[in-house]
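Me: Please take me through the pockets, cavities, helix contacts and sheets of the following model, and justify each term as it is used.
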Amino acid sequence: MDTRGGAALMPNPGAGPYDVAVVDRDPALRIRVTTQLGVEPSASVAALGDAVVAIAPHRPTVLIAGPGFANEHGLEQLHRLSMDRPEVGIVLTVPEITTEILQYALRAGVRDVIDLTDDAALRNAVERVGHLAAGLAARAGVAAGPVKKGKLVVSFSTKGGVGKSTVATNISVALARRSERPTCLVDCDLQFGDVAVLLSLPPKSTVVDAAAAIADDDPEFLKNLVIQHPPSGLQVLPAPVEPSAADQVRPEEMVAITQQLQQYCDFVVVDMPPHFDDVVLALIEIADVVLLIASMDIPSIKNLKVGMQTLDLLSIAGDKLRLVLNRANAKVKLDVKEVERALGLPAQYPIPSDIAVPQAVNRGIPVVLDKPGSPAARALEAAADSLMDEFYPPPENDEAADKKRRK
Ligand SMILES: Nc1ncnc2c1ncn2[C@@H]1O[C@H](COP(=O)(O)OP(=O)(O)O)[C@@H](O)[C@H]1O
Ligand SMILES: [Mg+2]
């Protein structure tokens, strides 16, 4: 079926780093999506079977599936495709994003779910998923090159109740959806860790078991200990259920656990306890990013400032520090500029205060999955996007730079 309408379409499927295919029973919808994107699809078909035939084997492709696939049978079909053809990244479009659809879709291997009416979101999703597919295909083509070590991100503050766990769980869920290799969340608040509760996961195995596996020098066993968070694909290593078990984990074991996980993950995110100890210091030292969480109240900022000075954080962590101002719009007005000046850091990731956060906590679902469009969810997604861009920029940037150089 010919979809060329009046829009200026990218002329040449097969020329870019990835192709785009559109599948939906409704031809008008397919044309609309094509026009929205300004990209000529390599295939525009009514049935998934036709798309499978039309998509060149091993060619990185973004498959945009229409709303007709947002049901049990449709998602089953998409799931099979995602398993059979890893070079195809699926974006599902729906009239309205609900938690249920989002969770089922992600479980079915769909890379993103987009509101049909949101042109910009669709374009962004296609670009992101396309580069992911291209990266996967390139990696599959290059047999066992040197493995790239994943990035270690720690969520830290000198105070409890400021949002460390909220930030750690949501950013890691968002990263798990974006990253090519797994993302793993480790709960290092060994006494009062609540990551398992925030994600509604049974703590079948915990950091204590992981420490034992490390002591036995058994990395494969460690891989088997991490618990899957089915809605997002995030891997999780919860804190022990008994606070007294905290003593059983030595700093060097915690460091070894995270380093072992970095071998096969793109990101390892660690939720930290609200105090300094040897484990915290060791992790801050080896981290690639230290998310410093502060809420917008004077005690929190003062605490953080004193903590930073005591630790001399600026000299041990320096440019790894990212200030996350949680509840940045809180009613008790503290001027963001003033906070930035006091801490000597720019407020890189402001997260608004949002009722959707405690509501999501009560449901045991991270807010980025529970209320994807809420202000807090958007801010947390933006922080994850920025980490992705920083550490895994889309390959297109290299190409564009290359082209410029050649000119
Ligand atoms: N941006 C926010 N808006 C509204 N409530 C929030 C926000 N961030 C955190 N909270 C709430 O604050 C409480 C403490 O957050 P939590 O992440 O557990 O802090 P910490 O891990 O630092 O102790 C939780 O009940 C959470 O729901
Ligand atoms: Mg916490």
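Reply: The second largest pocket is lined by 29 residues, and Gly109, Arg111, Ala176, Glu180 and Gly233 lie nearest its centre. This is a predicted model, in which local features need pLDDT of at least 70 and side-chain atom pairs count only at pLDDT 80 or more, while totals for chains, interfaces and linings use all residues. Residues are numbered from 1 along each chain as its sequence is written, chains are lettered from A and ligands numbered from 1 in the order in which they are written, and side-chain values use heavy atoms, with hydrogens and water left out.

Me: What makes a space a pocket or a cavity, and what volume does the second largest pocket have?
Reply: On a 1 Å grid over the protein atoms alone, a cavity is a set of points where a 1.4 Å probe fits but cannot get out, whereas a pocket is an open set with protein on both sides within 12 Å along at least five of seven lines; lining residues have an atom within 4 Å of a point. Grid points are joined across faces, edges and corners, and a volume is the space filled by probe spheres set on the points. By that reckoning the second largest pocket has a volume of about 670 Å³.

Me: Which element gives the most to the lining of the second largest pocket, and how does the lining divide by class?
Reply: Elements are DSSP runs numbered from the N terminus: helices are H or I with at least four residues, and strands are E with at least two. α5 gives the most, with four residues; α3 (72-84), β4 (88-94) and α6 (164-178) are among the elements that each supply at least two. Ala, Val, Leu, Ile, Met, Phe, Trp, Tyr, Cys and Pro count as nonpolar, Asp, Glu, Lys and Arg as charged, and the others, Gly among them, as polar. The lining accordingly holds 14 nonpolar, 10 polar and five charged residues.

Me: How many cavities of 30 Å³ or more does the structure hold, and what lines the largest?
Reply: There are two such cavities, and the largest encloses about 60 Å³. Its lining includes Thr166, Asn170, Leu198 and Val357, with α6 and α15 (356-363) each supplying at least two residues. Seven of the lining residues are nonpolar, three polar and none charged.

Me: How do you know that α10 and α11 are in contact, and which hand has their crossing?
Reply: Contact means heavy atoms within 4.5 Å. Pro251, Met254, Val255, Thr258 and Gln259 of α10 meet Asp278, Val279, Ala282, Leu283 and Ile286 of α11 in this sense. Axes are lines fitted to C-alpha atoms, for helices over the stretch in contact, and angles run from 0 to 180 degrees between N-to-C directions. The two axes come within 8 Å and cross at roughly 35°. A crossing is left-handed if the near helix is turned anticlockwise from the far one by less than a right angle, and right-handed if clockwise; that of α10 and α11 is right-handed.

Me: Why are β2 and β5 said to stand at the edges of their sheet?
Reply: Two strands pair if DSSP finds at least two bridges between them. The open sheet has the order β2-β1-β3-β4-β5, with parallel pairing. β2 (43-45) and β5 (112-115) each have a single partner strand, so one side of each is left without a neighbour in the sheet.

Me: What makes β3 and β4 a pair?
Reply: Five bridges join β3 (residues 61-65) to β4, and the pair therefore meets the requirement of at least two. Leucine 63 stands opposite isoleucine 90 in β4.
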